[in-house]
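Please open the model in your viewer with side chains available for display, and follow the stops below in order, selecting the named residues at each one.

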Amino acid sequence: MQSHFKYQHGELCAENIPVAKLAAEFGTPLYVYSRSHLIRQYRALADAMKAVSPQIYFAIKSNSNLAVIRTLADQGAGADVVSGGELYRARKAGVAADRIVFAGVGKTVAEIDYALKEGIKFFTVESEAELQRISERAEQTGRTGRVAIRVNPDVDPKTHTYTSTGKAENKFGVDLLRAEKAYDIAARLPGLEVSGLHMHLGSPIMTPTPYVEALRKVRPMCEELKERMPTFKHLDIGGGLGIAYRYDQDPLDPRDFASAVLPLLHGLDLQVGMEPGRFITGNAGILVTRVEYIKPNPQKQFVVVDAAMNDLLRPPLYEAHHEIIPVVQSTERIYGDVVGPICESGDFMAQNRELPAVQQGDLLAVLSAGAYGFVMASNYNSRGRAAEVMVEADRMELVRARETWDDLLRGESIPKW
Ligand SMILES: Cc1ncc(COP(=O)(O)O)c(C=O)c1O
């Protein structure tokens, strides 16, 4: 699929806008999001799966900027949230409460109360203790807690151990055997209504095979539950669809995904839910950074840039690969690392690779930074978080201002004693 970040007359553009112009206007490090890419990815998935008219709950943990959420909500997306804060964001961005599902192993009483008050579609429940808690809170507040139990189908998604969630050893969901009992418990609890079944295998998943394997395991259970429980109407197959992070990598084509999983969804007569995050946002964003210094070492060059691990954590956290390209096209190459200014050897964006030959002051673009980029940013080393900009065709808009040093101190005080 064509990227929305490409060279026009030797200059990297975000849709039709030169990235250098964005950097000049908004400074660096800078996250740039393509609205057209977000919409295209959403549509590609919705169209591929249209035989089952899925409800797409955008996983806002991948990118929770209000402008991104609103763009997708305007296309019909709901939201998959994992905290009270995400629920608040989704609502502020205009997502209807009955299009929001709430996942996560540690929902607090306050978060459950808030979600019940808002009237979300359902909680995806991770344990028996959580069923109990939601039921109690629902009863006390005179509401009904709609629940889908997160089943852990024990399938290997063949991804990084930190982002693998559907194996028996992971903390997520309940295994198939326990799930049967959990459904019985849920059916007996007075504050609950059993809405459906949820699974999420991990990410990024590059083939449909793990989904097929998991659906084969959960389909009989769905059929049986549907018979027994009239309110059982939803099968949420989670997110995790992979994207290409490398030029030589084939992304998962939503049409291939659909032709593999649709046969397992046909005839079930359940509302199918999906929770893509990265698939929609990953390649919709780049991180633009300026070269501060070139530091030649005997073995390799260090390109020291103004973005750091506090801006993009994926390389040190997951050993993730991000392509890095120059904003002004060039063919010259050097060998080395792209590193940030943070006082950690783990502060790198690329290690031991061929890189564009850049000079002090040049701009680089770190690709595939739209998912799990800004949302994982921190203030480590007292660095303000980067600005975020959205573009569409010739339009651009600052959708989150760069943090100032005063922002860094907000809420802090020194004891009088
Ligand atoms: C329950 C759940 N749904 C959806 C997602 C989104 O995953 P991805 O962004 O890879 O699609 C995650 C990611 O952690 C998740 O935990």
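Select R43 to begin: in this predicted model, its relative accessible area is 33%, which makes R43 partly exposed. Add D47 to the selection, and you will see a salt bridge between the two residues, whose closest N and O atoms are 3.8 Å apart. D47 is likewise partly exposed, with a relative accessible area of 40%. Because R43 and D47 stand four residues apart in helix α2 (residues 35-48), about one helical turn separates them.

Next, select E130 and K107, whose side chains meet in a salt bridge at 2.6 Å, N to O. This pair links distant parts of the chain, since E130 belongs to helix α6 (residues 128-141) while K107 sits in the loop between β7 (100-102) and α5, and the two are 23 residues apart. Are these partners buried or exposed? E130 has a relative accessible area of 5% and is therefore buried, the cut-off being under 20%, and K107, with a relative accessible area of 4%, is buried as well.

Move on to R395 and E392, which form a salt bridge with 2.5 Å between the closest N and O atoms. Here R395 is exposed at a relative accessible area of 58%, whereas E392, at 17% relative accessibility, counts as buried. Add R35 to this selection, and you have a network of salt bridges that links R35, E392 and R395. Over the whole structure, the count of salt bridges comes to 17.

The following stop is T289, which you will find in strand β14 (residues 285-296). With 1% relative accessibility, T289 counts as buried. Show the side chain of D306 too, because a cut-off of 3.5 Å between N or O atoms applies to polar contacts, and the side chains of T289 and D306 are joined by one of 2.6 Å. Leaving aside residues up to four places away in sequence, T289 touches T28, V305, D306, A307, D362, L363, L364 and V366.

T28, one of those contacts of T289, leads to the backbone: the peptide bond from T28 to P29 is cis, with omega near -10°. P29 itself lies in the loop between α1 (19-26) and β4 (30-34). Then go to S203 and P204, where the peptide bond from the one to the other is also cis, with omega near -10°; P204 is placed in the loop between β11 (192-198) and α8 (209-228).

Two asparagines come next. N352, in strand β18 (residues 348-356), has a positive phi of about 50° although it is not a glycine, and at 41% relative accessibility N352 counts as partly exposed. N381, found in the loop between β19 (363-366) and β20 (387-392), has a positive phi of about 65°, again without being a glycine; N381 is partly exposed, with a relative accessible area of 36%.

For the last stop, which residues line the largest cavity? Select A115, L116, G119, I120, F123, T144, G145 and R146, which together form its lining. The structure holds one cavity of 30 Å³ or more, and about 40 Å³ of space lies in the largest cavity. Both α5 (109-118) and β9 (145-152) supply at least two residues of this lining, and the lining residues divide into four nonpolar, three polar and one charged.

Conventions: Residues numbered from 1 in each chain as written. Predicted model: local features only at pLDDT ≥ 70, side-chain atom pairs only at ≥ 80, totals over all residues. Heavy atoms only, no water. 1 Å grid on protein atoms, 1.4 Å probe; cavity = no way out; pocket = protein on both sides within 12 Å on 5 of 7 lines; lining within 4 Å. Points joined across faces, edges and corners; volume = space filled by probe spheres on them. Nonpolar A, V, L, I, M, F, W, Y, C, P; charged D, E, K, R; others polar. Buried < 20%, exposed > 50% of the residue type's maximum accessible area, 1.4 Å probe, protein only. Polar contact = N/O pair within 3.5 Å; in protein donor to acceptor, adjacent residues only side chain to side chain. Contact = heavy atoms within 4.5 Å. Salt bridge = Lys/Arg side-chain N within 4 Å of Asp/Glu carboxyl O.
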